[in-house]
Structures are given as structure tokens and as C-alpha cells.
Protein chains: 2
Amino acid sequence: MSSVSIRPMKPRDRTAVEKIVAGVAVFSAGEVDTALELVDEWLDEGEESGYLTYVLEDGDPPAVRGYICFGPTPLTESTWDLYWVAVDPAAQGKGYGQMLLAFAETEVRQRGGRLLLIETASQEAYGATVRFYQRAGYELVSQIRNFYREGDDKLTFAKVIPG
Amino acid sequence: MSSVSIRPMKPRDRTAVEKIVAGVAVFSAGEVDTALELVDEWLDEGEESGYLTYVLEDGDPPAVRGYICFGPTPLTESTWDLYWVAVDPAAQGKGYGQMLLAFAETEVRQRGGRLLLIETASQEAYGATVRFYQRAGYELVSQIRNFYREGDDKLTFAKVIPG
């Protein structure tokens with residue numbers, strides 16, 4: 001029986017996380033940089049950073065296969081943002097993305113979160129990504145046209161977290 | 001004939017801006033703090049901060065009556081955010097808010113901006129604030145329910161800036 005675990009990201013995981021983020025074809029170079037900036041704030045400051053970051057490992061010895069980064073939305077009472085979730089392309093189709101999402105939802109609930117939001121670009125979100133969020137119970141609640149660039153909208157998916 | 005001018009905010013304007021922000025009844029204490037954090041980043045780093053901040057003065061000697069803070073939206077090609085606009089309650093009804101908005105739009109256009117967004121809380125935005133934005137040609141493009149807290153939605157107004 002294979003084993004899978006999700007735990008807080010540590011400095012020694014940074015190379016693996018960087019490789020995963022860079023390997024996800026849908027992220028642009030600017031997005032990869034932004035994802036790593038949040039990861040580094042987490043490694044420097046922990047929960048104070050506002051960017052809670054966890055990795056998923058499997059195998060023996062365990063190897064990092066995915067990660068998730070989320071945090072409380074500034075100026076809100078109990079809304080949280082899911083900033084990034086990524087799974088190594090070689091480890092996709094095993095439900096790791098859904099496991100990471102479910103894990104984040106539990107953490108958010110335990111910290112008093114009530115609403116979890118995911119923002120994404122329409123040009124990235126068509127197809128597999130939308131189905132991924134919808135399967136997890138997220139609904140499209142906002143679409144701002146031409147936000148990222150002409151023809152690339154900002155989509156916001158939301159899920160109410162039961163108290 | 002009275003005179004009105006709009007110019008970049010300087011350190012000596014900080015007390016006046018703080019008084020104006022604190023005097024606008026609709027802003028919570030947390031929002032006042034956030035507004036001043038952006039102002040301080042502008043005073044420290046200038047345009048590099050991403051928070052362009054200008055004040056409006058009138059009278060002789062000139063006194064600061066309002067301010068506006070805006071900047072490019074991260075990860076977008078040519079979208080800008082209007083973060084804060086506030087006018088001294090004692091100087092309202094003179095069109096200063098509309099002047100500040102029009103000024104910001106010109107600055108955004110000159111820097112290649114194409115879309116200007118304003119996010120606001122529904123509990124603040126009803127009535128005068130919505131009319132203020134609509135008069136300036138902004139349209140409500142997104143409403144995320146219960147974003148700030150139960151019953152307080154996030155509204156986004158948008159205006160396309162002609163090239």
C-alpha cells in the first residue's frame with residue numbers, strides 16, 4: 001500500500017517545489033516567480049506571512065509531488081484565498097490535487113474561515129482546471145473581462161466552508 | 001477665481017492626508033491603516049512602490065482637500081487599480097472627487113493602462129458612492145457575496161480607458 005502525506009513546507013523542499021511550479025505548463029514565467037515569492041515569504045516568516053504552504057509527498061523514500069499555498073484575505077473577516085496549487089505532471093491523475101484542496105479547506109475551517117476563493121485566468125482555466133475546481137464544489141462567482149490582457153479574463157471560483 | 005491643483009503627494013502632506021482619510025466616516029479603522037500603509041510606501045519608494053499618490057489642493061495659501069492612490073495591477077498587462085480616493089468632508093460637493101478620478105485616468109492612459117478597476121464593499125458603496133462611480137462612467141462588473149463579512153459583498157467597478 002502506497003503512502004501519501006501532507007505537511008508544512010520546509011526549506012529543504014524548495015528545489016522540488018520550484019521544479020513542480022516550473023513544470024506546470026499553464027504557468028507563465030511571471031506566475032512562476034510570483035508563486036516562489038509567496039513560498040519564500042512562508043519559509044522566512046511562517047504563518048505570519050499570510051501564505052500557508054504545504055507539500056504532498058508519496059513513495060519510499062518520500063518525494064514531494066505537489067504543493068498548495070493559501071491564506072487569509074486581507075481586510076476580510078473570514079474569507080481566505082487559495083493562491084496556488086500544483087501537482088508534478090508525472091504524478092497527476094492520482095487525486096493529489098483534490099487531496100491538497102480538501103486539506104486546505106480543513107485548515108481554513110479550523111482557523112475560522114467561511115469562504116474560500118480561487119482566482120484564475122480564463123485562458124488557463126478552460127477545460128481541465130475548471131473541471132478540477134467544479135469537482136471540488138467550487139462555483140464561478142465573478143468574471144472580469146480582459147483583466148489579465150485582451151481576451152484573458154479574471155475568473156473567481158468560490159466555495160462556502162461549513163462552520 | 002479660486003485655484004485648484006493636483007500634484008504628487010510629498011512627506012509634508014502626510015498629516016493632512018491622514019486627517020482626510022480618518023475623517024471619511026465610511027472607512028473602518030483597518031481601512032484607514034491600510035490606506036496609510038500605501039501612502040507610506042509611496043513616500044518611501046515613489047513610483048517603484050506601485051502606489052501612485054496625488055493630492056488635490058485649493059485656496060490661498062493652498063490646503064490639501066483630497067487625495068487619490070492608484071497603481072498597476074500585478075500580473076496584468078495593462079490593468080490598473082484605483083486603491084483609494086478621498087475628499088475632506090468639508091470640501092465635498094465641489095467636484096474634487098471627480099477631478100481626482102479624471103486626473104488618475106489620464107495618468108493611467110499615459111502609462112499605457114487600458115482598464116481601471118475600483119473594488120469596494122457593498123455596505124460602503126450603496127447610495128452616494130455608487131452614484132459617484134457611475135457618474136464617472138464606471139460599471140459594476142463583479143459582485144462576490146459575503147466577501148468582507150456576512151452581508152458585505154465585494155463590488156468591482158470598471159472603466160475601459162480609451163487608448
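This report walks through a predicted model with two chains, A and B, looking at how they meet and at a few places inside chain B.

**How the two chains are related**

Let's start with the pair as a whole. In general, two copies of a chain are related by a rotation about an axis and a shift along it. Here, chain B can be laid on chain A by a rotation of 180 degrees with 0.0 Å of shift along the axis, and the RMSD is 0.0 Å. That is the relation of a two-fold axis. The same surface serves both copies, since 100% of the contact residues of chain B recur in chain A. If you want to find the axis by eye, look for Ser142(B): its C-alpha lies 2.7 Å from the rotation axis, the closest approach of any residue of chain B.

**Where they touch**

How many residues does the contact take from each chain? It takes 17 residues from chain B and 17 residues from chain A. On the side of chain B that touches chain A, three elements each supply at least two residues, and the table lists them.

| Element of chain B | Residues |
|---|---|
| Helix H2 | 29-45 |
| Strand S6 | 139-149 |
| Strand S7 | 152-160 |

Which of these gives the most to that side of chain B? S6(B) does, with seven residues. Sorted by class, the residues of chain B that touch chain A are seven nonpolar, seven polar and three charged.

**Two helices side by side**

H2(B) also has a partner within its own chain. Helix H1 of chain B, residues 14-23, packs against H2(B) at an angle of about 160 degrees, and their axes are 10 Å apart. Because an angle over 145 degrees counts as roughly antiparallel, H1(B) is roughly antiparallel to H2(B). The crossing of H1(B) past H2(B) is right-handed.

You can pick out the residues that meet. From H1(B) come Arg14(B), Val17(B), Glu18(B), Val21(B) and Ala22(B), while H2(B) brings Val32(B), Ala35(B), Leu36(B), Val39(B) and Leu43(B). This contact has eight nonpolar, no polar and two charged residues.

**A closer look at Ile161(B)**

Finally, move to the segment after S7 of chain B, where Ile161(B) is found. Is Ile161(B) buried or exposed? The answer sits in between: Ile161(B) is partly exposed, because 16 other C-beta atoms lie within 10 Å, and being buried would take 20 or more.

Ile161(B) and Arg109(B) are 52 residues apart along the chain, yet their C-alpha atoms are separated by 6.5 Å. Leaving aside neighbours within four places in sequence, the contacts of Ile161(B) include Glu105(B), Val108(B), Gly113(B) and Leu116(B).

Technical notes
Residues numbered from 1 in each chain as written. Chains lettered and ligands numbered in written order. Predicted model: local features only at pLDDT ≥ 70, side-chain atom pairs only at ≥ 80, totals over all residues. Contact = placed C-beta atoms within 7 Å. Helix = DSSP H or I, 4+ residues; strand = E, 2+ residues; numbered from the N terminus. Nonpolar A, V, L, I, M, F, W, Y, C, P; charged D, E, K, R; others polar. Buried ≥ 20, exposed ≤ 12 C-beta atoms within 10 Å, placed from the backbone. Least-squares fit on C-alpha atoms with pLDDT ≥ 70 in both. Axes fitted to C-alpha atoms, helices over the stretch in contact; angles between N-to-C directions. Parallel < 35°, antiparallel > 145°, perpendicular 65-115°, else oblique. Left-handed = near helix turned anticlockwise from the far one by under 90°.
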